[in-house]
Amino acid sequence: MNPYILSTLLLGLGLGTTITFMSSHWLLAWMGIELNTLAIMPLMAQLHHPRAVEAATKYFLTQAAGAATLLFASITNAWLTGQWDIQQLSHPLPMTLITLALALKIGLAPLHAWLPEVLQGLDFTTGLILSTWQKLAPFALLLQIHPPNSNILIFLGLTSTIVGGWGGLNQTQLRKILAYSSIAHLGWMLLILQFSPSLTLLTLLTYFVMTAAMFLTFKTNKTTNINALATSWAKAPALTTLTPLIFLSLGGLPPLTGFMPKWLILQELTKQSLAPTATLAALTALLSLYFYLRLSYAMALTSSPNNLTSTPAWRLPSTQNTLPLAITTALTIFLLPLTPATMALLTI
(Lines give C-alpha, C1' and ligand atoms only; values in the text may rest on other atoms or scores of the structure.)
Protein backbone atom coordinates (compact mmCIF):
# COMPACT_ATOMS: atom_id res chain seq x y z
CA MET A 1 0.00 0.00 0.00
CA ASN A 2 1.15 3.53 -0.79
CA PRO A 3 2.76 4.97 2.37
CA TYR A 4 0.79 8.23 2.07
CA ILE A 5 -2.50 6.34 1.89
CA LEU A 6 -1.43 4.12 4.79
CA SER A 7 -0.49 7.18 6.86
CA THR A 8 -3.88 8.77 6.13
CA LEU A 9 -5.74 5.61 7.18
CA LEU A 10 -3.74 5.24 10.39
CA LEU A 11 -4.34 8.92 11.12
CA GLY A 12 -8.05 8.31 10.60
CA LEU A 13 -7.93 5.41 13.08
CA GLY A 14 -6.23 7.56 15.69
CA LEU A 15 -8.47 10.55 15.05
CA GLY A 16 -11.68 8.52 15.29
CA THR A 17 -10.69 7.00 18.62
CA THR A 18 -9.53 10.38 19.96
CA ILE A 19 -12.82 12.05 18.97
CA THR A 20 -14.77 9.37 20.85
CA PHE A 21 -12.48 9.72 23.88
CA MET A 22 -12.96 13.49 24.02
CA SER A 23 -16.67 13.64 23.25
CA SER A 24 -19.43 14.31 25.73
CA HIS A 25 -22.14 14.44 23.02
CA TRP A 26 -23.62 11.27 21.55
CA LEU A 27 -23.46 12.50 17.95
CA LEU A 28 -19.76 13.33 18.28
CA ALA A 29 -19.04 9.91 19.80
CA TRP A 30 -20.98 8.24 16.98
CA MET A 31 -18.99 10.23 14.43
CA GLY A 32 -15.68 9.08 15.96
CA ILE A 33 -16.73 5.41 15.88
CA GLU A 34 -17.83 5.72 12.25
CA LEU A 35 -14.52 7.35 11.31
CA ASN A 36 -12.77 4.39 12.92
CA THR A 37 -14.81 1.93 10.87
CA LEU A 38 -14.24 3.74 7.57
CA ALA A 39 -10.48 4.04 8.20
CA ILE A 40 -9.93 0.32 8.78
CA MET A 41 -12.00 -0.88 5.80
CA PRO A 42 -9.26 -0.28 3.15
CA LEU A 43 -6.71 -1.96 5.44
CA MET A 44 -8.92 -5.05 5.53
CA ALA A 45 -9.42 -5.25 1.78
CA GLN A 46 -5.84 -4.35 0.79
CA LEU A 47 -4.89 -7.98 0.02
CA HIS A 48 -7.32 -8.04 -2.97
CA HIS A 49 -8.28 -11.57 -2.02
CA PRO A 50 -11.92 -12.82 -2.04
CA ARG A 51 -11.61 -13.85 1.60
CA ALA A 52 -10.34 -10.40 2.62
CA VAL A 53 -13.10 -8.64 0.68
CA GLU A 54 -15.67 -10.94 2.29
CA ALA A 55 -14.27 -10.14 5.76
CA ALA A 56 -14.35 -6.40 5.03
CA THR A 57 -17.97 -6.63 3.80
CA LYS A 58 -19.07 -8.59 6.88
CA TYR A 59 -17.31 -6.11 9.13
CA PHE A 60 -18.90 -3.13 7.39
CA LEU A 61 -22.43 -4.56 7.60
CA THR A 62 -22.02 -5.49 11.27
CA GLN A 63 -20.55 -2.14 12.27
CA ALA A 64 -23.21 -0.29 10.27
CA ALA A 65 -25.91 -2.17 12.17
CA GLY A 66 -24.25 -1.36 15.49
CA ALA A 67 -23.79 2.31 14.56
CA ALA A 68 -27.42 2.59 13.42
CA THR A 69 -28.61 1.09 16.70
CA LEU A 70 -26.33 3.44 18.65
CA LEU A 71 -27.65 6.48 16.75
CA PHE A 72 -31.26 5.35 17.20
CA ALA A 73 -30.76 4.82 20.93
CA SER A 74 -29.08 8.21 21.41
CA ILE A 75 -31.90 9.96 19.52
CA THR A 76 -34.42 8.05 21.67
CA ASN A 77 -32.58 9.18 24.79
CA ALA A 78 -32.67 12.80 23.59
CA TRP A 79 -36.39 12.48 22.88
CA LEU A 80 -37.13 10.98 26.31
CA THR A 81 -34.83 13.09 28.48
CA GLY A 82 -34.14 16.20 26.38
CA GLN A 83 -30.32 16.01 26.50
CA TRP A 84 -27.44 14.47 24.53
CA ASP A 85 -24.84 14.19 27.29
CA ILE A 86 -23.17 10.77 27.39
CA GLN A 87 -22.81 10.63 31.16
CA GLN A 88 -26.41 11.66 31.83
CA LEU A 89 -27.94 8.49 30.39
CA SER A 90 -30.75 7.74 32.83
CA HIS A 91 -33.61 6.07 30.93
CA PRO A 92 -33.35 2.24 30.91
CA LEU A 93 -34.50 1.77 27.28
CA PRO A 94 -31.77 3.77 25.50
CA MET A 95 -29.21 2.54 28.05
CA THR A 96 -30.00 -1.09 27.16
CA LEU A 97 -29.97 -0.38 23.42
CA ILE A 98 -26.66 1.46 23.60
CA THR A 99 -25.10 -1.32 25.68
CA LEU A 100 -26.18 -3.92 23.12
CA ALA A 101 -24.98 -1.77 20.20
CA LEU A 102 -21.54 -1.37 21.79
CA ALA A 103 -21.48 -5.11 22.59
CA LEU A 104 -22.11 -5.81 18.89
CA LYS A 105 -19.32 -3.45 17.89
CA ILE A 106 -16.66 -5.10 20.05
CA GLY A 107 -17.92 -8.66 19.47
CA LEU A 108 -19.40 -9.73 22.80
CA ALA A 109 -21.47 -12.92 22.90
CA PRO A 110 -24.24 -13.54 21.90
CA LEU A 111 -23.50 -10.82 19.31
CA HIS A 112 -20.12 -12.31 18.46
CA ALA A 113 -20.70 -14.41 15.32
CA TRP A 114 -19.05 -11.88 12.98
CA LEU A 115 -15.72 -11.65 14.81
CA PRO A 116 -14.17 -15.10 14.05
CA GLU A 117 -15.27 -14.91 10.41
CA VAL A 118 -13.89 -11.42 9.92
CA LEU A 119 -10.60 -12.10 11.70
CA GLN A 120 -10.06 -15.26 9.65
CA GLY A 121 -9.97 -13.21 6.43
CA LEU A 122 -7.37 -10.68 7.59
CA ASP A 123 -3.61 -10.68 7.78
CA PHE A 124 -2.06 -10.66 11.26
CA THR A 125 -1.24 -6.93 11.29
CA THR A 126 -4.79 -5.81 10.45
CA GLY A 127 -6.16 -8.51 12.75
CA LEU A 128 -4.07 -7.11 15.60
CA ILE A 129 -5.51 -3.62 14.98
CA LEU A 130 -9.04 -5.06 14.93
CA SER A 131 -8.47 -7.02 18.15
CA THR A 132 -6.88 -4.16 20.10
CA TRP A 133 -7.22 -0.59 18.85
CA GLN A 134 -10.77 -1.00 17.52
CA LYS A 135 -11.97 -1.98 21.01
CA LEU A 136 -10.88 1.30 22.61
CA ALA A 137 -13.63 3.65 21.42
CA PRO A 138 -16.61 1.39 22.33
CA PHE A 139 -15.00 0.57 25.67
CA ALA A 140 -14.57 4.28 26.41
CA LEU A 141 -18.32 4.72 25.95
CA LEU A 142 -19.11 1.65 28.07
CA LEU A 143 -16.91 3.01 30.86
CA GLN A 144 -18.75 6.34 30.74
CA ILE A 145 -22.30 4.95 30.77
CA HIS A 146 -21.67 1.87 32.96
CA PRO A 147 -25.07 1.37 34.58
CA PRO A 148 -25.12 0.49 38.29
CA ASN A 149 -26.66 -2.88 39.22
CA SER A 150 -27.03 -3.86 35.58
CA ASN A 151 -27.81 -7.53 35.05
CA ILE A 152 -27.27 -7.17 31.30
CA LEU A 153 -23.52 -6.61 31.82
CA ILE A 154 -23.27 -9.75 33.97
CA PHE A 155 -25.23 -11.70 31.34
CA LEU A 156 -23.08 -10.46 28.46
CA GLY A 157 -19.88 -11.09 30.43
CA LEU A 158 -20.72 -14.65 31.46
CA THR A 159 -22.05 -15.52 27.99
CA SER A 160 -18.85 -14.20 26.42
CA THR A 161 -16.58 -16.20 28.73
CA ILE A 162 -18.57 -19.38 28.03
CA VAL A 163 -18.78 -18.87 24.25
CA GLY A 164 -15.15 -17.72 24.05
CA GLY A 165 -13.99 -20.89 25.79
CA TRP A 166 -16.35 -23.33 24.13
CA GLY A 167 -16.06 -21.90 20.63
CA GLY A 168 -12.29 -22.23 20.49
CA LEU A 169 -12.19 -25.91 21.40
CA ASN A 170 -12.76 -27.35 17.91
CA GLN A 171 -10.91 -24.72 15.87
CA THR A 172 -7.81 -25.41 13.82
CA GLN A 173 -7.30 -21.91 12.37
CA LEU A 174 -5.17 -19.71 14.62
CA ARG A 175 -6.96 -16.46 13.79
CA LYS A 176 -10.33 -17.96 14.78
CA ILE A 177 -8.80 -19.21 18.03
CA LEU A 178 -7.51 -15.69 18.71
CA ALA A 179 -11.00 -14.33 17.99
CA TYR A 180 -12.60 -16.64 20.55
CA SER A 181 -9.81 -15.78 23.00
CA SER A 182 -10.70 -12.11 22.48
CA ILE A 183 -14.39 -12.82 23.16
CA ALA A 184 -13.53 -14.63 26.42
CA HIS A 185 -11.23 -11.84 27.66
CA LEU A 186 -13.82 -9.17 26.83
CA GLY A 187 -16.32 -11.14 28.90
CA TRP A 188 -14.04 -10.92 31.94
CA MET A 189 -13.78 -7.15 31.45
CA LEU A 190 -17.54 -6.74 31.25
CA LEU A 191 -18.12 -8.77 34.42
CA ILE A 192 -16.20 -6.23 36.48
CA LEU A 193 -17.10 -3.08 34.54
CA GLN A 194 -19.85 -1.80 36.84
CA PHE A 195 -17.94 -2.55 40.07
CA SER A 196 -14.39 -1.41 39.28
CA PRO A 197 -13.79 0.57 36.06
CA SER A 198 -10.09 0.93 36.91
CA LEU A 199 -9.75 -2.87 37.09
CA THR A 200 -11.50 -3.11 33.70
CA LEU A 201 -8.89 -0.76 32.23
CA LEU A 202 -6.08 -2.82 33.77
CA THR A 203 -7.54 -6.01 32.27
CA LEU A 204 -7.94 -4.30 28.89
CA LEU A 205 -4.33 -3.13 28.82
CA THR A 206 -3.05 -6.55 29.92
CA TYR A 207 -5.15 -8.18 27.19
CA PHE A 208 -3.69 -5.78 24.60
CA VAL A 209 -0.12 -6.72 25.57
CA MET A 210 -0.76 -10.48 25.57
CA THR A 211 -2.72 -10.42 22.31
CA ALA A 212 -0.05 -8.32 20.60
CA ALA A 213 2.59 -10.85 21.65
CA MET A 214 0.48 -13.67 20.23
CA PHE A 215 -0.26 -11.99 16.89
CA LEU A 216 3.38 -10.97 16.43
CA THR A 217 4.55 -14.50 17.20
CA PHE A 218 2.30 -16.01 14.56
CA LYS A 219 3.27 -13.29 12.11
CA THR A 220 6.98 -13.96 12.67
CA ASN A 221 6.53 -17.70 12.12
CA LYS A 222 4.06 -17.19 9.23
CA THR A 223 1.71 -19.79 10.71
CA THR A 224 -2.06 -19.70 10.17
CA ASN A 225 -3.20 -23.12 11.45
CA ILE A 226 -2.31 -25.62 14.14
CA ASN A 227 -0.56 -28.03 11.76
CA ALA A 228 1.89 -25.33 10.67
CA LEU A 229 2.87 -24.71 14.31
CA ALA A 230 4.85 -27.97 14.27
CA THR A 231 7.53 -26.37 12.07
CA SER A 232 8.21 -23.55 14.56
CA TRP A 233 11.29 -25.20 16.10
CA ALA A 234 13.18 -24.91 12.84
CA LYS A 235 12.16 -21.28 12.28
CA ALA A 236 12.73 -19.65 15.68
CA PRO A 237 13.82 -22.00 18.50
CA ALA A 238 14.05 -19.30 21.19
CA LEU A 239 10.63 -17.90 20.34
CA THR A 240 9.15 -21.40 20.27
CA THR A 241 10.48 -21.96 23.79
CA LEU A 242 8.82 -18.77 25.09
CA THR A 243 5.52 -19.02 23.22
CA PRO A 244 3.95 -21.66 25.54
CA LEU A 245 4.48 -19.18 28.38
CA ILE A 246 2.51 -16.59 26.36
CA PHE A 247 -0.28 -19.16 25.88
CA LEU A 248 -0.36 -19.95 29.60
CA SER A 249 -0.36 -16.23 30.42
CA LEU A 250 -3.41 -15.81 28.18
CA GLY A 251 -4.98 -18.70 30.08
CA GLY A 252 -4.39 -16.91 33.36
CA LEU A 253 -1.94 -19.22 35.13
CA PRO A 254 0.54 -18.01 37.78
CA PRO A 255 3.31 -16.88 37.89
CA LEU A 256 2.60 -15.13 34.57
CA THR A 257 1.11 -11.70 33.86
CA GLY A 258 -2.33 -12.98 32.76
CA PHE A 259 -3.00 -14.32 36.26
CA MET A 260 -3.12 -10.83 37.77
CA PRO A 261 -6.34 -9.43 36.19
CA LYS A 262 -8.25 -12.71 36.58
CA TRP A 263 -7.25 -12.98 40.23
CA LEU A 264 -8.26 -9.39 40.98
CA ILE A 265 -11.57 -9.79 39.09
CA LEU A 266 -12.49 -12.94 41.01
CA GLN A 267 -11.58 -11.19 44.26
CA GLU A 268 -13.75 -8.17 43.42
CA LEU A 269 -16.72 -10.32 42.32
CA THR A 270 -16.54 -12.20 45.61
CA LYS A 271 -16.51 -8.89 47.52
CA GLN A 272 -19.67 -7.87 45.64
CA SER A 273 -21.47 -11.05 46.87
CA LEU A 274 -21.29 -12.62 43.40
CA ALA A 275 -19.48 -15.82 44.36
CA PRO A 276 -21.54 -18.01 41.94
CA THR A 277 -20.65 -15.66 39.08
CA ALA A 278 -16.97 -15.76 40.03
CA THR A 279 -17.06 -19.56 40.23
CA LEU A 280 -18.69 -19.89 36.81
CA ALA A 281 -16.18 -17.44 35.28
CA ALA A 282 -13.27 -19.41 36.76
CA LEU A 283 -14.68 -22.66 35.35
CA THR A 284 -15.08 -21.15 31.89
CA ALA A 285 -11.42 -20.07 32.03
CA LEU A 286 -10.56 -23.80 32.05
CA LEU A 287 -12.14 -24.13 28.60
CA SER A 288 -9.88 -21.42 27.23
CA LEU A 289 -6.91 -22.96 29.01
CA TYR A 290 -7.55 -26.26 27.21
CA PHE A 291 -7.09 -24.87 23.72
CA TYR A 292 -4.11 -22.78 24.84
CA LEU A 293 -2.49 -26.01 26.06
CA ARG A 294 -3.44 -27.63 22.75
CA LEU A 295 -1.60 -24.89 20.88
CA SER A 296 1.39 -25.24 23.21
CA TYR A 297 1.55 -28.98 22.56
CA ALA A 298 1.34 -28.55 18.79
CA MET A 299 4.01 -25.84 18.80
CA ALA A 300 6.60 -26.91 21.35
CA LEU A 301 6.09 -30.63 21.92
CA THR A 302 5.59 -31.82 18.35
CA SER A 303 8.29 -32.27 15.74
CA SER A 304 7.14 -32.03 12.16
CA PRO A 305 6.33 -34.25 10.33
CA ASN A 306 6.29 -37.00 12.96
CA ASN A 307 2.77 -36.52 14.27
CA LEU A 308 1.26 -33.63 12.34
CA THR A 309 1.05 -33.63 8.56
CA SER A 310 2.00 -30.19 7.32
CA THR A 311 3.77 -28.64 4.38
CA PRO A 312 6.91 -26.86 5.62
CA ALA A 313 7.33 -23.36 4.28
CA TRP A 314 10.46 -22.22 2.49
CA ARG A 315 12.51 -20.45 5.13
CA LEU A 316 14.13 -17.12 4.37
CA PRO A 317 15.84 -14.75 6.83
CA SER A 318 13.22 -12.59 8.51
CA THR A 319 13.41 -8.88 7.72
CA GLN A 320 10.70 -7.65 10.09
CA ASN A 321 11.38 -5.75 13.28
CA THR A 322 11.31 -8.07 16.28
CA LEU A 323 11.62 -5.40 18.98
CA PRO A 324 7.82 -5.06 19.52
CA LEU A 325 7.57 -8.84 19.82
CA ALA A 326 10.41 -8.92 22.37
CA ILE A 327 8.83 -6.15 24.48
CA THR A 328 5.31 -7.62 24.48
CA THR A 329 6.61 -11.13 25.21
CA ALA A 330 8.61 -9.88 28.20
CA LEU A 331 5.61 -7.95 29.53
CA THR A 332 3.33 -10.97 29.02
CA ILE A 333 5.58 -13.21 31.09
CA PHE A 334 7.16 -11.04 33.82
CA LEU A 335 4.64 -8.44 35.06
CA LEU A 336 3.04 -10.42 37.89
CA PRO A 337 5.55 -9.22 40.59
CA LEU A 338 4.18 -5.69 40.02
CA THR A 339 0.77 -6.74 41.37
CA PRO A 340 1.15 -4.90 44.75
CA ALA A 341 2.01 -1.65 42.94
CA THR A 342 -0.92 -2.19 40.57
CA MET A 343 -3.33 -2.74 43.45
CA ALA A 344 -2.04 0.42 45.10
CA LEU A 345 -2.79 2.36 41.91
CA LEU A 346 -6.28 0.85 41.69
CA THR A 347 -7.14 2.05 45.19
CA ILE A 348 -6.16 5.68 44.48
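Phe247 counts as buried in this predicted model, with a relative accessibility of 1%, and its ring partner Phe218 counts as buried at 1% as well. The ring centres of Phe218 and Phe247 lie 6.2 Å apart with their planes at 40°, so the pair is classed as tilted. Because Phe218 belongs to helix 10 and Phe247 to helix 12 (residues 237–251), this pair ties together parts of the chain that are 29 residues apart in sequence.

**Aromatic pairs**

Across the whole structure, a search finds seven aromatic pairs. Another of them joins Phe124 and Phe215, whose arrangement is edge-to-face, with 6.1 Å from centre to centre and 75° between the planes. Here Phe124 sits in helix 6 (residues 124–131) and Phe215 in helix 10 (residues 197–221), so the pair ties together parts that are 91 residues apart in sequence. Phe124 is buried, with a relative accessible area of 10%, and Phe215 likewise counts as buried, at 2% relative accessibility. Ring pairs link Phe124, Phe215, Phe218 and Phe247 into a cluster.

Helix 12 also holds Pro244, which is buried with a relative accessible area of 16%. Once its neighbours within four places in sequence are left aside, Pro244 is in contact with Ser296 and Ala300. Between Pro244 and Leu301 the sequence separation is 57 residues, while their C-alpha atoms are 9.9 Å apart in space.

**Nonpolar cores**

Phe218 appears again in the largest nonpolar core, which has 43 residues and in which the residues with the most contacts are Ile40, Met44, Tyr59, Val118, Leu130 and Phe218. This core draws at least three residues from each of two domains, namely domain 1 (1–134) and domain 2 (149–306 + 321–347). Apart from this core lies another, of 30 residues, with Ile33, Ile86, Met95 and Leu156 among them.

Which residues does Val118 touch, if those up to four places away in sequence are not counted? They are Met44, Ala55, Lys58, Tyr59 and Leu130, and of these Met44, Tyr59 and Leu130 are also named among the residues with the most contacts inside the largest core. Lys58, by contrast, is partly exposed, with a relative accessible area of 29%, and takes part in a salt bridge described below.

**Helix 3 and the salt-bridge network**

Helix 3 covers residues 50–81, a run of 32 residues, and reaches 46 Å from its first C-alpha to its last, close to the 46 Å expected at 1.5 Å a residue. Just after helix 3 comes Gly82, which takes a positive phi of about 80°.

The count of salt bridges comes to five, and three of them are set out here.

| Salt bridge | Closest N to O distance |
|---|---|
| Glu117 and Arg51 | 3.6 Å |
| Lys58 and Glu54 | 2.8 Å |
| Glu117 and Lys176 | 3.4 Å |

Lys58 and Glu54 both lie in helix 3, four residues apart, which is about one turn of the helix. An α-helix has 3.6 residues a turn, so residues three or four places apart point the same way. Glu54 is partly exposed, with a relative accessible area of 34%.

The bridges made by Glu117 span greater stretches of sequence than a single turn of helix. Glu117 forms a salt bridge with Arg51, and this pair links distant parts of the chain, with Glu117 in helix 5 (residues 114–120) and Arg51 in helix 3, 66 residues apart. Glu117 also forms a salt bridge with Lys176, and this pair too links distant parts of the chain, with Glu117 in helix 5 and Lys176 in helix 9 (residues 174–192), 59 residues apart. Salt bridges that share partners join Arg51, Glu54, Lys58, Glu117 and Lys176 into one network.

Is Lys176 buried or exposed? Lys176 counts as buried because its relative accessibility is 18%, and the cut-off for buried is under 20%. Glu117 is partly exposed, with a relative accessible area of 27%, and Arg51 also counts as partly exposed, at 23% relative accessibility.

How values were computed: Residues numbered from 1 in each chain as written. Predicted model: local features only at pLDDT ≥ 70, side-chain atom pairs only at ≥ 80, totals over all residues. Heavy atoms only, no water. Helix = DSSP H or I, 4+ residues; strand = E, 2+ residues; numbered from the N terminus. Expected span 1.5 Å × (residues − 1). Core = buried A, V, L, I, M, F, W, Y, C linked by side-chain atoms within 4.5 Å. Buried < 20%, exposed > 50% of the residue type's maximum accessible area, 1.4 Å probe, protein only. Domains from an automatic or database assignment. Contact = heavy atoms within 4.5 Å. Salt bridge = Lys/Arg side-chain N within 4 Å of Asp/Glu carboxyl O. Phe/Tyr/Trp six-rings, centres within 6.5 Å; stacked < 30°, edge-to-face > 60°.
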